[in-house]
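Let's take a walk through a structure together, going from a ligand site to a metal and then on to some rings. Keep the viewer open as you read.

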Amino acid sequence: MKLFLTLFFFLASFSSLYANDMEKAAEKSFSFKQLLKSISDPDIKDISFSLPELPKSNENFVLNGDERYFITVLASTREERTKLMKLGLDIQEIYDTKVSGIAHAKTVTLLSEKGYVILSKMALSEYAQNFLKDFPVNDSAYHNYDEMIQVLQSITAQNRDIASLYSIGKSVEGRDIWTLRINTNAKGDKKSDKPGAVFIGAHHAREHLSVEVPLLHAVWLLENRNKPEIKQYIESLDIYIIPMLNPDGAEYDISTGKYKWHRKNMRKNPDGNIGVDLNRNYDFRWGGAGASHHTYSDTYCGPKAFSEPEAMAAKKFFESRNNLKTYISYHSYAELILYPWGGIYEPVENEKDRKVFMVMAKKMATLTGYRDKQSSDLYAATGDATDWTYGNRGVFSFTIELSPSSGWRGGFYPGTSIIEKTVKDNIAAANYLLSVTDNPYKVIVR
Ligand code: 0X9
Ligand code: ZN
């Protein structure tokens, strides 16, 4: 019975989604408080999206057959870390003398052949046992693609005078990449002269928290639109929120109720391996340091720059708007505020810009409790989004690695309890970004 009810509600909400009826969307309201409450309280779930309880089991079926390992390798400098990335290791944890991350079996062989000291190696399927939080069963407070659309449609319908919802392009599997725009006079893709701020989530599929932050920021902004400070941002700026750049990957990661630890998009490469790393596919020093040319690697940069429709949609979006000034690309995890350059170790050449980056990063670090750093201090990685948006488009661009701080605290799958604090802290940082978007250089003028 429960199964039928669940199925009924699921199908009912699914069909209304494609009715594309803004009136209907407006009827279902999502308040910021309610969303956070359902997020913090595991007992309050939106039944319409709950899947039937899966049998409890110690086996992670989904990762069976997955040829990836979680390994720890000796490496103590950013240069060594960059080399490891290039060889295909997707670094997740950085310690003084070692790093841990995800590597395909072929990468592991390659590392051994090259004499790297592999301190530990565990099948990813085994490692993943520590993170058996199912989505959407246990983590149903996180928004999947359809749920995200429902929220976006609803808040747009309720704020028609200042909000519009449109797609900047389609994913490789044909899903729309939805963009909520807040602008008092320009709607959809109409040009605006107002200074623009952009927030993008989910370049990486398994980084689900990076959807929640921009999505709930959108809800919060529209709910607080009459607060003097927010009203001023809304009236003077052109604000774009794109919570899920990689909808195919995000959906794939949760498609069975067991996380798949998927990072890339869903490109079917000619050799059968799935996915291109969207955060290596931008055309800024594309394919160089820290990017793998192996299709099996989680950091595969694609056959050429902007080969992927999701990265291409972002490119066209930025290129068709000269008014954009600031940008946050959300990722998880590590609790870091990162600024360019990411592809080289040298700091940003332009002294004024460098100072702006450092002052803004420090301020956002204070607001979130995260650490601020130049991206390449972690490891150099070429073809990432924010190097391109700054280097090619002159947009002050940041990568924020959200909570938690480490794998021990939940890594990519930290559960729902982390959402509230992360969202609130990051709304403060995002609103700070809005406060300087009119002229980022003002942060260095005394
Ligand atoms: O490697 C990435 O794409 C980002 N980290 S994540 O764990 N979310 O995948 C970091 C991008 C920062 N840029 C550089 N280090 N170049
Ligand atoms: Zn990421």
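How many residues surround ligand 1, and which are the closest? Bear in mind that this is a predicted model. The count is 15 residues around ligand 1, and the closest are Arg263, Arg280, Tyr379, Asp384 and Glu401.

Now for the polar contacts of that ligand. The side chain of His204 has an N or O atom 3.3 Å from an oxygen atom of ligand 1. Glu207 comes in with a polar side-chain atom, 3.1 Å from a nitrogen atom of the ligand. Ser375 works through its backbone instead: an N or O atom there lies 3.3 Å from a nitrogen atom of ligand 1. As for how much of the ligand is covered, it exposes 420 Å² when taken alone, and the protein buries 99% of that.

Hang on to His204 and Glu207, as both turn up again at the metal. The zinc ion, ligand 2, is coordinated by ND1 of His204, by Glu207 through OE, listed twice, and by ND1 of His331. Those distances run from 2.0 to 2.4 Å. Along the chain, the donor residues follow the spacing H-x2-E-x123-H. Are His204 and Glu207 buried or exposed? Both of them are buried.

Next, the rings. The model has 22 aromatic pairs. Take Trp341 and Tyr390: their ring centres are 5.2 Å apart and their planes make an angle of 50°, so the pair counts as tilted, a class that lies between stacked (under 30 degrees) and edge-to-face (over 60). What does this pair tie together? Trp341 lies in the loop between β10 (336-339) and α12 (351-368), while Tyr390 lies in helix α13 (residues 385-391), so the pair links parts that are 49 residues apart in sequence. Trp341 is buried, with a relative accessible area of 5%, and Tyr390 also counts as buried, at 9%.

These two rings belong to one aromatic cluster, made up of Phe284, Tyr339, Trp341, Phe357, Tyr390, Phe396, Phe398 and Tyr441. One of its members, Tyr441, has a charge over its ring: the charged end of Lys352 sits there, 5.5 Å from the ring centre. You can find another such arrangement at Tyr69, where the charged end of Lys121 sits over the ring at 4.6 Å from its centre.

Methods:
Residues numbered from 1 in each chain as written. Chains lettered and ligands numbered in written order. Predicted model: local features only at pLDDT ≥ 70, side-chain atom pairs only at ≥ 80, totals over all residues. Heavy atoms only, no water. Phe/Tyr/Trp six-rings, centres within 6.5 Å; stacked < 30°, edge-to-face > 60°. Helix = DSSP H or I, 4+ residues; strand = E, 2+ residues; numbered from the N terminus. Buried < 20%, exposed > 50% of the residue type's maximum accessible area, 1.4 Å probe, protein only. Lys NZ or Arg CZ within 6 Å of the ring centre and 35° of its normal. Near = heavy atom within 4 Å. Polar contact = N/O pair within 3.5 Å; in protein donor to acceptor, adjacent residues only side chain to side chain. Areas by Shrake-Rupley, 256 points an atom, 1.4 Å probe, with all protein chains shown as cover. Donors = N, O, S within 2.8 Å, 3.2 Å for Na, K, Ca; no water.
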